[in-house]
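Notebook open, coffee poured. I want to go through the contacts between the chains and then the contacts with the DNA.

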2 protein chains.
Amino acid sequence: MRRDVFQAIADPTRRAIITLIALQAMTPNAIAENFHTTRQAISKHLRILTECEVVKQEQRGREIYYQLEAGKLKEMDIWIEQFRKIWEAKFDQLDKVLSTMKKQKK
Amino acid sequence: MRRDVFQAIADPTRRAIITLIALQAMTPNAIAENFHTTRQAISKHLRILTECEVVKQEQRGREIYYQLEAGKLKEMDIWIEQFRKIWEAKFDQLDKVLSTMKKQKK
DNA sequence: TATTTGAGAAACCGATTGGTTGCAAATATA
DNA sequence: TATATTTGCAACCAATCGGTTTCTCAAATA
């Protein structure tokens, strides 16, 4: 199955997992404690995140620590980049309007 | 149905539509010409994009022009923002490693 | 007025999703 | 060694997705 970062972060649970493990790596069990689903459901999400390389595994004994691969999120950032100019331009226009209003007030 | 921006951009066709109409508003027919699907399928995507407020309609006679609401994409940008520090930190570390290697070479 | 054109809505379809329960394998511990 | 713990995997299920075809409606045009 072909997956990408955009699909990976489409699910709210997956986004929550990403935020959760952003600062320190965690095991599936520890992660699952933070959600109202079964451990297996979390395991599935982790599999998807791993396939998309948004997350990295590190085996330690029988435990597996999942760690965020923040760099992969940069791909999204690059896609959004092209639209940043547009919404910033919009705000520039708003600035102009606001400063015009200010001048008129004076 | 509860939808959000993240679901909106999860589909590649939808992302392509967004890029397509970023610079100028377009009608469903005009948009559909750029894809290998029916106009109705595009119409469905436009409905989802409209529900998520990523896109705005402007009726002109019997034609409807779809226009990008770039500001909505900013929501995603804000979510990614929190991870930007992390991947930038990673690259800072890489910089250190590289400069150390450079010094050793000298 | 009759006809063509642009667009959304509805019904349907196969594939995918996110969840569940039950199981098997490997490691840790008594 | 026997048992408990951590994890992934398979099978199943209802809901949703992305697509199609068919239909209706409103606006433009002959």
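I started where the two chains meet: the rule finds four salt bridges across the interface of chain A and chain B. For the record, a salt bridge here is a side-chain nitrogen of Lys or Arg within 4 Å of a carboxyl oxygen of Asp or Glu. I looked up the pair A:R84 and B:D77, which form a salt bridge with their closest N and O atoms 2.6 Å apart.

Before going on, a note on what I'm looking at. This is a predicted model, where local features need pLDDT of at least 70 and side-chain atom pairs count only at pLDDT 80 or more, while totals for chains, interfaces and linings use all residues. Residues are numbered from 1 along each chain as its sequence is written, chains are lettered from A and ligands numbered from 1 in the order in which they are written, and side-chain values use heavy atoms, with hydrogens and water left out.

**Chain A against chain B**

I checked the contacts, meaning heavy atoms within 4.5 Å: 25 residues of chain A touch 25 residues of chain B. The two chains bury about 2300 Å² between them, and 72% of that is on carbon and sulfur atoms. Buried area is the accessible area (1.4 Å probe) that two parts lose on being put together, summed over both. I then asked which three residues supply the most of what chain A buries against chain B. They are A:R15, A:W79 and A:W87, with 24% of that area.

**DNA strand C**

Next I turned to the DNA. I count a residue as near the strand if one of its heavy atoms lies within 4 Å of it. There are 25 residues around DNA strand C, and A:K44, A:H45, B:S43, B:R62 and B:Y66 come nearest. By class, this surface has five nonpolar, 11 polar and nine charged residues. My classes: Ala, Val, Leu, Ile, Met, Phe, Trp, Tyr, Cys and Pro are nonpolar, Asp, Glu, Lys and Arg charged, and the others, Gly among them, polar.

Backbone or bases? Of the strand's atoms within 4 Å of the protein, 65% belong to sugar or phosphate and the rest to bases.

I picked out three side chains of chain B. An N or O atom in the side chain of B:Y66 sits 2.3 Å from a phosphate oxygen of DNA strand C, and for B:N29 the distance to a phosphate oxygen is 2.8 Å. B:R39 goes to a base instead, with a polar side-chain atom 3.1 Å from a base nitrogen of the strand.

Note on methods:
Polar contact = N/O pair within 3.5 Å; in protein donor to acceptor, adjacent residues only side chain to side chain.
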